[in-house]
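Subject: The structure I promised you

Hi,

Here is the structure we talked about, handed over for you to look through. My notes on what turned up follow below it.

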Amino acid sequence: MAGRCKEPSCFPDEIGCNVEGCSNVKDCKNYISEESTTEDVEKVDEDNYYRIPWTGNSFGLTDLNYLTASSKPIFIGITGVASAGKTTFLASLYCLLRNGESIGNYSFAGSLTLIGWENIAWYLSWKNNGNIQFPPHTSNNAGRLPGLLHIALKNNEGEKIDLVFTDAPGEWFDHWRINVNNENAKGAKWIHDNCDAFLLFADCEMLTPTNSKRGIAKQQINSVADRIMENLGNRPFELIWSKSDITIPVETKNQIRSHFKQNQIKYFAEYETSVKAGEDELFHQNICNSIDWLIEKLHNNKNQIPRILSHKPEDMFLSKRAINE
């Protein structure tokens, strides 16, 4: 691609014309052609490509315009300090859906970020040598931040919903829990301000009696929870015991639970999950169940559809026109 756009929110080299909607970017008034060493014939062919308005990679904030233009997606904040298992949870969720698992009555119906999902799921897929590995730590400087992963689900009645998961580095939440106004905490604050529901990850490996940092881990979980519970309102909140194939004392869990019980949370639940299936595949089932629970609670929070008097109440579009006329 040999050009760029005057508009800062448009990326013609990635997704085509995002502002004027030109099918050929060379026709756009904002397009600035740049010199290229490519042969003229190849250059013409390249500029005549028709591009789709997304790349398949994780969304940035600008990319949300495409998704939110038609409906309001459900934003799910994946929170917790570094290496708590957040990205592994997302990769496991995608692998389960890819394997035909469902979330309650909902089944996988598509994604605008399939490449982004595949990038993190690749680590949990079997390789030729029979090994799997955990996804790497989400870098504090990775791509356009926050990384947003989309899936569309459809239930047996044909109802479609869009979910957007945040994939943010744990360092954001570490800064945020200490000082909400920290420059490095802006991403975590955005997640708290904009998400409809939250998952907070408690790393069981860090909470074992033999781990010398378990005291710090408890403090981190409680302080991030305190931040989330500020202005939480009716938004659902889940505590995810990640890496639950590692057993920790019941007393340790109860100490952390007691911190949550001190606050009045309208919708609260906890789930034990792991990249390992567990007995009767309980840990994998809980990954899907945790998302199903959020969807159910958010549906309960919806306002009832208003009844409009009309000769055709089954057609909302015509009903509105009839009243306006």
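Which strands does helix α9 (residues 250-261) lie across, and at about what angle does α9 run to β8? Helix α9 lies across β7, β8 and β9, and its direction makes an angle of about 165° with β8. Before going further, please keep in mind that this is a predicted model.

The sheet is a good place to start. It is an open one of 7 strands with mixed pairing, in the order β4-β5-β6-β3-β7-β8-β9. Its edges are β4 (107-110) and β9 (268-272), each of which pairs on one side only. Ignoring direction, neighbouring strands are turned by 30° against each other on average. Within the sheet, β3 (residues 74-79) and β6 (residues 160-167) are paired in the parallel sense over 3 bridges. If you want to find this pairing on the screen, I74 has L163 in β6 as its bridge partner.

Helix α9 has company on the sheet. Helix α8 (residues 214-229) lies across β3, β7 (197-203) and β8 (237-242), and α8 runs at about 175° to β7.

Next, the nonpolar interior. The largest nonpolar core has 37 residues, and I76, L163, F165, L199 and I291 are those with the most contacts inside it. At least two residues of this core come from each of β3, α4, α5 (114-121), β5 (147-154), β6, β7, β9 and α10 (282-300). The top contributor is α4, which gives 8 residues. Another core lies apart from this one; it has 35 residues, including L67, W172, F173 and W241. As general background, nonpolar side chains in soluble globular proteins tend to be buried together.

Two residues are worth a closer look here. I291 touches I76, F89, L93, I103, L163, F165 and L199, leaving aside residues up to four places away in sequence. F89 sits in helix α4 (residues 86-98). Is F89 buried or exposed? F89 counts as buried because its relative accessible area is 3%, under the 20% cut-off. With the sequence neighbours up to four places away again left out, F89 touches L199, F201, T273, I287, S290 and I291. F89 and H284 are 195 residues apart in sequence, yet their C-alpha atoms are 9.7 Å apart in space.

Finally, the charged pairs. How many salt bridges does the structure hold? There are 12 salt bridges, and here are some of them:

- D174 with R177: the closest N and O atoms are 2.6 Å apart. Both residues lie in helix α6 (residues 170-178), 3 residues or about one turn apart. R177 is buried, at 17% relative accessible area, whereas D174 is partly exposed, at 26%.
- E183 with K186: these side chains meet at 3.1 Å, N to O, and both E183 and K186 are exposed.
- D193 with K189: the closest N and O atoms are 3.0 Å apart. The two lie 4 residues apart in helix α7 (residues 186-194), about one turn of the helix. D193 is partly exposed, with a relative accessible area of 48%, and K189 is partly exposed too, at 35%.

There is also a network to look at: D203, E205 and K243 are joined by salt bridges that share partners.

Happy browsing, and do write back with any thoughts.

Best wishes

Conventions: Residues numbered from 1 in each chain as written. Predicted model: local features only at pLDDT ≥ 70, side-chain atom pairs only at ≥ 80, totals over all residues. Heavy atoms only, no water. Buried < 20%, exposed > 50% of the residue type's maximum accessible area, 1.4 Å probe, protein only. Contact = heavy atoms within 4.5 Å. Salt bridge = Lys/Arg side-chain N within 4 Å of Asp/Glu carboxyl O. Pairing = 2+ DSSP bridges. Axes fitted to C-alpha atoms, helices over the stretch in contact; angles between N-to-C directions. Core = buried A, V, L, I, M, F, W, Y, C linked by side-chain atoms within 4.5 Å.
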